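Me: I would like a close look at one part of this model. Keep it brisk.

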Amino acid sequence: MKLPAPNALVGGTLIAILLAAAGTGALWTPYDPLKLSFREKLVAPNALHWLGTDEFGRDVLSRLMAGAATSVWISILTVTLAVVMGTTIGLFSGYMRGWTDRVIMAFNDALLAFPGILLALGLLAVLGANKYGIIVALGIAYTPSVARVVRGTVLSLREREFIAASRVMGNGEGFTMLRHILPNCIAPLTVLATSMFGYVLLAESALSFLGLGVPPPAPTWGNMLAGSRPYIDQAAWLGIFPGLCISLTLLGINLLGDALRDKLDPRMRGSR
(Lines give C-alpha, C1' and ligand atoms only; values in the text may rest on other atoms or scores of the structure.)
Protein backbone atom coordinates (compact mmCIF):
# COMPACT_ATOMS: atom_id res chain seq x y z
CA MET A 1 0.00 0.00 0.00
CA LYS A 2 1.32 3.41 -1.01
CA LEU A 3 1.98 5.67 1.97
CA PRO A 4 0.74 9.27 1.88
CA ALA A 5 3.27 11.99 1.18
CA PRO A 6 5.00 13.41 4.28
CA ASN A 7 3.46 16.86 3.78
CA ALA A 8 -0.01 15.32 3.51
CA LEU A 9 0.56 13.19 6.61
CA VAL A 10 1.91 15.99 8.80
CA GLY A 11 -0.50 18.61 7.48
CA GLY A 12 -3.49 16.31 7.77
CA THR A 13 -2.54 15.38 11.34
CA LEU A 14 -2.22 19.02 12.43
CA ILE A 15 -5.53 19.97 10.79
CA ALA A 16 -7.26 16.94 12.33
CA ILE A 17 -6.03 18.06 15.78
CA LEU A 18 -7.31 21.60 15.09
CA LEU A 19 -10.75 20.36 14.01
CA ALA A 20 -10.96 17.99 16.97
CA ALA A 21 -10.07 20.81 19.37
CA ALA A 22 -12.56 23.15 17.70
CA GLY A 23 -15.35 20.57 17.72
CA THR A 24 -14.69 19.69 21.34
CA GLY A 25 -14.35 23.34 22.35
CA ALA A 26 -17.74 24.17 20.83
CA LEU A 27 -19.41 21.52 23.03
CA TRP A 28 -17.22 21.11 26.12
CA THR A 29 -14.20 22.66 27.83
CA PRO A 30 -12.47 21.62 31.09
CA TYR A 31 -13.50 24.93 32.71
CA ASP A 32 -15.86 27.73 31.81
CA PRO A 33 -13.71 29.91 29.48
CA LEU A 34 -15.49 33.07 30.70
CA LYS A 35 -15.58 32.39 34.47
CA LEU A 36 -13.42 34.75 36.54
CA SER A 37 -11.41 33.57 39.55
CA PHE A 38 -9.15 36.24 41.00
CA ARG A 39 -7.74 33.82 43.57
CA GLU A 40 -6.22 31.79 40.69
CA LYS A 41 -5.00 34.56 38.42
CA LEU A 42 -1.68 34.08 36.60
CA VAL A 43 -1.25 30.51 37.87
CA ALA A 44 1.55 28.69 36.03
CA PRO A 45 0.75 25.43 34.18
CA ASN A 46 0.03 22.67 36.70
CA ALA A 47 -1.98 19.48 37.17
CA LEU A 48 -5.30 21.35 37.48
CA HIS A 49 -4.70 23.97 34.79
CA TRP A 50 -2.51 22.30 32.20
CA LEU A 51 -1.72 25.53 30.37
CA GLY A 52 -2.08 27.87 33.35
CA THR A 53 -4.54 30.71 33.89
CA ASP A 54 -4.71 34.31 32.68
CA GLU A 55 -4.87 37.63 34.51
CA PHE A 56 -8.53 37.03 35.42
CA GLY A 57 -8.03 33.44 36.58
CA ARG A 58 -9.58 31.93 33.45
CA ASP A 59 -8.24 28.56 32.28
CA VAL A 60 -6.00 29.06 29.23
CA LEU A 61 -6.63 25.59 27.77
CA SER A 62 -10.40 26.11 27.91
CA ARG A 63 -10.07 29.49 26.24
CA LEU A 64 -7.80 28.08 23.53
CA MET A 65 -10.36 25.35 22.77
CA ALA A 66 -13.23 27.85 22.67
CA GLY A 67 -11.08 30.19 20.56
CA ALA A 68 -10.34 27.37 18.12
CA ALA A 69 -14.08 26.81 17.64
CA THR A 70 -14.62 30.53 16.98
CA SER A 71 -11.66 30.85 14.59
CA VAL A 72 -12.54 27.72 12.61
CA TRP A 73 -16.19 28.74 12.31
CA ILE A 74 -15.29 32.24 11.11
CA SER A 75 -12.72 30.86 8.65
CA ILE A 76 -15.11 28.28 7.18
CA LEU A 77 -17.92 30.81 6.67
CA THR A 78 -15.51 33.40 5.25
CA VAL A 79 -13.94 30.97 2.76
CA THR A 80 -17.39 29.72 1.74
CA LEU A 81 -18.59 33.29 1.12
CA ALA A 82 -15.48 34.21 -0.86
CA VAL A 83 -15.59 31.02 -2.96
CA VAL A 84 -19.30 31.38 -3.79
CA MET A 85 -19.04 35.06 -4.76
CA GLY A 86 -15.68 34.70 -6.52
CA THR A 87 -16.76 31.62 -8.47
CA THR A 88 -19.95 33.32 -9.64
CA ILE A 89 -18.08 36.43 -10.76
CA GLY A 90 -15.18 34.56 -12.39
CA LEU A 91 -17.43 32.05 -14.15
CA PHE A 92 -19.70 34.72 -15.63
CA SER A 93 -16.85 37.06 -16.56
CA GLY A 94 -14.63 34.42 -18.16
CA TYR A 95 -17.42 32.80 -20.14
CA MET A 96 -19.13 35.95 -21.45
CA ARG A 97 -15.90 37.77 -22.43
CA GLY A 98 -16.15 41.12 -24.25
CA TRP A 99 -17.08 44.33 -22.45
CA THR A 100 -18.67 42.39 -19.62
CA ASP A 101 -15.34 40.76 -18.84
CA ARG A 102 -13.42 44.03 -19.13
CA VAL A 103 -15.69 45.97 -16.78
CA ILE A 104 -15.86 43.19 -14.15
CA MET A 105 -12.13 42.54 -14.21
CA ALA A 106 -11.29 46.24 -14.03
CA PHE A 107 -13.30 46.50 -10.81
CA ASN A 108 -11.84 43.18 -9.60
CA ASP A 109 -8.27 44.32 -10.24
CA ALA A 110 -8.95 47.58 -8.38
CA LEU A 111 -9.93 45.54 -5.31
CA LEU A 112 -6.88 43.30 -5.76
CA ALA A 113 -4.67 46.39 -5.55
CA PHE A 114 -5.58 46.68 -1.86
CA PRO A 115 -3.99 44.22 0.59
CA GLY A 116 -6.70 41.92 1.95
CA ILE A 117 -6.19 42.92 5.58
CA LEU A 118 -6.28 46.65 4.69
CA LEU A 119 -9.51 46.25 2.73
CA ALA A 120 -11.01 44.26 5.61
CA LEU A 121 -10.05 47.04 8.06
CA GLY A 122 -11.89 49.58 5.91
CA LEU A 123 -14.98 47.39 5.68
CA LEU A 124 -14.96 46.71 9.42
CA ALA A 125 -15.00 50.46 10.06
CA VAL A 126 -18.39 50.45 8.32
CA LEU A 127 -19.74 47.07 9.45
CA GLY A 128 -18.51 47.20 13.05
CA ALA A 129 -16.22 44.85 14.97
CA ASN A 130 -18.21 41.67 15.49
CA LYS A 131 -18.20 38.05 14.33
CA TYR A 132 -20.43 38.55 11.29
CA GLY A 133 -18.77 41.81 10.35
CA ILE A 134 -15.43 39.94 10.15
CA ILE A 135 -16.97 37.22 7.97
CA VAL A 136 -18.44 39.72 5.49
CA ALA A 137 -15.34 41.96 5.46
CA LEU A 138 -12.84 39.14 4.92
CA GLY A 139 -15.19 37.37 2.49
CA ILE A 140 -15.33 40.48 0.29
CA ALA A 141 -11.58 41.06 0.67
CA TYR A 142 -10.68 37.58 -0.62
CA THR A 143 -13.37 37.35 -3.33
CA PRO A 144 -11.21 39.02 -6.06
CA SER A 145 -8.51 36.34 -5.74
CA VAL A 146 -11.06 33.57 -6.24
CA ALA A 147 -12.65 35.42 -9.18
CA ARG A 148 -9.27 35.79 -10.89
CA VAL A 149 -8.41 32.07 -10.53
CA VAL A 150 -11.84 30.92 -11.74
CA ARG A 151 -11.77 33.31 -14.69
CA GLY A 152 -8.37 32.00 -15.80
CA THR A 153 -9.65 28.42 -15.64
CA VAL A 154 -12.81 29.29 -17.58
CA LEU A 155 -10.81 31.05 -20.30
CA SER A 156 -8.75 27.88 -20.82
CA LEU A 157 -11.89 25.75 -21.03
CA ARG A 158 -14.43 27.75 -23.02
CA GLU A 159 -12.86 26.99 -26.42
CA ARG A 160 -12.40 23.26 -25.77
CA GLU A 161 -14.15 20.68 -27.95
CA PHE A 162 -16.63 19.51 -25.34
CA ILE A 163 -17.85 23.09 -24.83
CA ALA A 164 -18.34 23.50 -28.58
CA ALA A 165 -20.19 20.17 -28.63
CA SER A 166 -22.50 21.40 -25.87
CA ARG A 167 -23.35 24.48 -27.93
CA VAL A 168 -23.97 22.38 -31.05
CA MET A 169 -26.37 20.21 -29.05
CA GLY A 170 -28.43 23.32 -28.34
CA ASN A 171 -27.61 23.66 -24.63
CA GLY A 172 -28.01 27.13 -23.19
CA GLU A 173 -25.13 29.22 -21.87
CA GLY A 174 -26.20 28.76 -18.26
CA PHE A 175 -26.44 24.98 -18.62
CA THR A 176 -23.01 24.81 -20.31
CA MET A 177 -21.39 26.89 -17.59
CA LEU A 178 -22.90 24.90 -14.71
CA ARG A 179 -22.75 21.42 -16.25
CA HIS A 180 -19.47 21.44 -18.16
CA ILE A 181 -17.25 24.32 -16.99
CA LEU A 182 -17.95 24.63 -13.26
CA PRO A 183 -17.01 20.99 -12.41
CA ASN A 184 -13.61 21.54 -14.05
CA CYS A 185 -12.96 24.48 -11.72
CA ILE A 186 -13.25 22.34 -8.58
CA ALA A 187 -9.60 21.18 -8.50
CA PRO A 188 -8.00 24.67 -8.51
CA LEU A 189 -10.74 25.93 -6.17
CA THR A 190 -9.97 23.15 -3.69
CA VAL A 191 -6.30 24.10 -3.52
CA LEU A 192 -7.12 27.81 -3.33
CA ALA A 193 -9.75 27.35 -0.61
CA THR A 194 -7.33 25.31 1.50
CA SER A 195 -4.66 28.00 1.31
CA MET A 196 -7.24 30.74 1.83
CA PHE A 197 -8.40 29.06 5.04
CA GLY A 198 -4.95 29.76 6.49
CA TYR A 199 -4.91 33.35 5.23
CA VAL A 200 -8.35 34.00 6.74
CA LEU A 201 -7.44 32.45 10.08
CA LEU A 202 -4.28 34.58 10.23
CA ALA A 203 -6.22 37.71 9.21
CA GLU A 204 -8.89 37.04 11.83
CA SER A 205 -6.18 36.61 14.47
CA ALA A 206 -4.52 39.86 13.35
CA LEU A 207 -7.80 41.77 13.50
CA SER A 208 -8.56 40.35 16.95
CA PHE A 209 -5.03 41.30 18.05
CA LEU A 210 -5.76 44.88 16.96
CA GLY A 211 -9.07 44.89 18.83
CA LEU A 212 -11.21 44.73 15.68
CA GLY A 213 -12.19 41.08 15.90
CA VAL A 214 -14.67 39.24 18.09
CA PRO A 215 -15.19 41.52 21.13
CA PRO A 216 -13.94 40.32 24.55
CA PRO A 217 -14.59 38.46 26.77
CA ALA A 218 -15.25 35.89 23.99
CA PRO A 219 -11.90 34.13 23.45
CA THR A 220 -10.05 34.07 20.15
CA TRP A 221 -6.40 33.29 19.61
CA GLY A 222 -5.75 36.86 18.45
CA ASN A 223 -7.25 38.66 21.44
CA MET A 224 -5.60 36.16 23.82
CA LEU A 225 -2.27 37.02 22.23
CA ALA A 226 -3.03 40.74 22.53
CA GLY A 227 -4.04 40.35 26.18
CA SER A 228 -0.77 38.60 27.01
CA ARG A 229 1.45 41.60 26.19
CA PRO A 230 1.38 43.31 29.62
CA TYR A 231 2.25 40.01 31.33
CA ILE A 232 4.94 38.66 29.01
CA ASP A 233 7.62 38.91 31.74
CA GLN A 234 5.70 37.24 34.57
CA ALA A 235 3.37 34.89 32.63
CA ALA A 236 5.02 33.99 29.32
CA TRP A 237 2.62 31.08 28.79
CA LEU A 238 -0.19 33.54 28.03
CA GLY A 239 1.51 34.45 24.75
CA ILE A 240 3.37 31.23 23.99
CA PHE A 241 0.36 28.91 23.73
CA PRO A 242 -1.89 31.06 21.48
CA GLY A 243 1.14 31.81 19.29
CA LEU A 244 1.94 28.10 18.99
CA CYS A 245 -1.67 27.33 18.07
CA ILE A 246 -1.64 29.89 15.27
CA SER A 247 1.79 28.81 13.98
CA LEU A 248 1.06 25.07 13.98
CA THR A 249 -2.32 25.58 12.34
CA LEU A 250 -0.82 27.65 9.53
CA LEU A 251 1.95 25.07 9.09
CA GLY A 252 -0.64 22.28 8.81
CA ILE A 253 -2.73 24.22 6.29
CA ASN A 254 0.28 25.05 4.12
CA LEU A 255 1.50 21.44 4.11
CA LEU A 256 -1.95 20.13 3.31
CA GLY A 257 -2.36 22.72 0.55
CA ASP A 258 0.94 21.63 -1.00
CA ALA A 259 -0.17 18.00 -0.88
CA LEU A 260 -3.48 18.82 -2.56
CA ARG A 261 -1.71 20.81 -5.25
CA ASP A 262 0.64 17.90 -5.94
CA LYS A 263 -2.34 15.54 -6.13
CA LEU A 264 -4.71 17.64 -8.24
CA ASP A 265 -2.34 19.48 -10.57
CA PRO A 266 -1.39 17.24 -13.54
CA ARG A 267 1.79 19.25 -14.14
CA MET A 268 2.97 18.57 -10.59
CA ARG A 269 2.20 14.88 -10.93
CA GLY A 270 4.22 14.70 -14.10
CA SER A 271 7.23 16.40 -12.56
CA ARG A 272 7.57 13.90 -9.71
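In which handedness of crossing does helix 4 pass helix 8? Please go on from there to the surroundings.

Reply: Helix 4 passes helix 8 in a right-handed crossing. Right-handed means that the near helix is turned clockwise from the far one by less than a right angle; anticlockwise would be left-handed. This is a predicted model: local features need pLDDT of at least 70, side-chain atom pairs count only at pLDDT 80 or more, and totals for chains, interfaces and linings use all residues. Residues are numbered from 1 along each chain as its sequence is written, and side-chain values use heavy atoms, with hydrogens and water left out.

Now the geometry. Two packed helices are described by the angle between their axes and the distance between the axes. Helix 4 covers residues 116-127 and helix 8 residues 186-209. Helices here are DSSP runs (H or I, at least four residues), numbered from the N terminus; strands are E runs of at least two. The two axes are 11 Å apart, at an angle of about 50 degrees. That makes helix 4 oblique to helix 8. Under 35 degrees would count as roughly parallel, over 145 as roughly antiparallel, and 65 to 115 as roughly perpendicular; the rest is oblique. The axes are lines fitted to C-alpha atoms over the stretch in contact, and angles run from 0 to 180 degrees between N-to-C directions.

Which residues touch? Helix 4 contributes Ile117, Ala120, Leu121 and Leu124. Helix 8 contributes Ala203, Ala206 and Leu207. Contact means heavy atoms within 4.5 Å.

Next, Ser75. Ser75 sits in helix 2, residues 60-96. It is in contact with Phe197, Val200 and Leu201, leaving aside neighbours within four places in sequence. Ser75 counts as buried because its relative accessibility is 0%. Buried means under 20% relative accessible area, exposed over 50%, and partly exposed in between (1.4 Å probe, protein chains only).

Helix 2 also meets helix 7. In helix 7, residues 173-181, Thr176, Met177 and Ile181 are buried. Seen down the axis of helix 7, its buried residues fall within an arc of 100 degrees, so they line one face. The arc is taken from the directions from the helix axis to the C-beta atoms. These buried residues pack against helix 2, helix 5 (131-157) and helix 6 (161-168).

Last, the loop between helix 8 and helix 9 (221-227). Pro217 lies there. The peptide bond from Pro216 to Pro217 is cis, with omega near 10 degrees.
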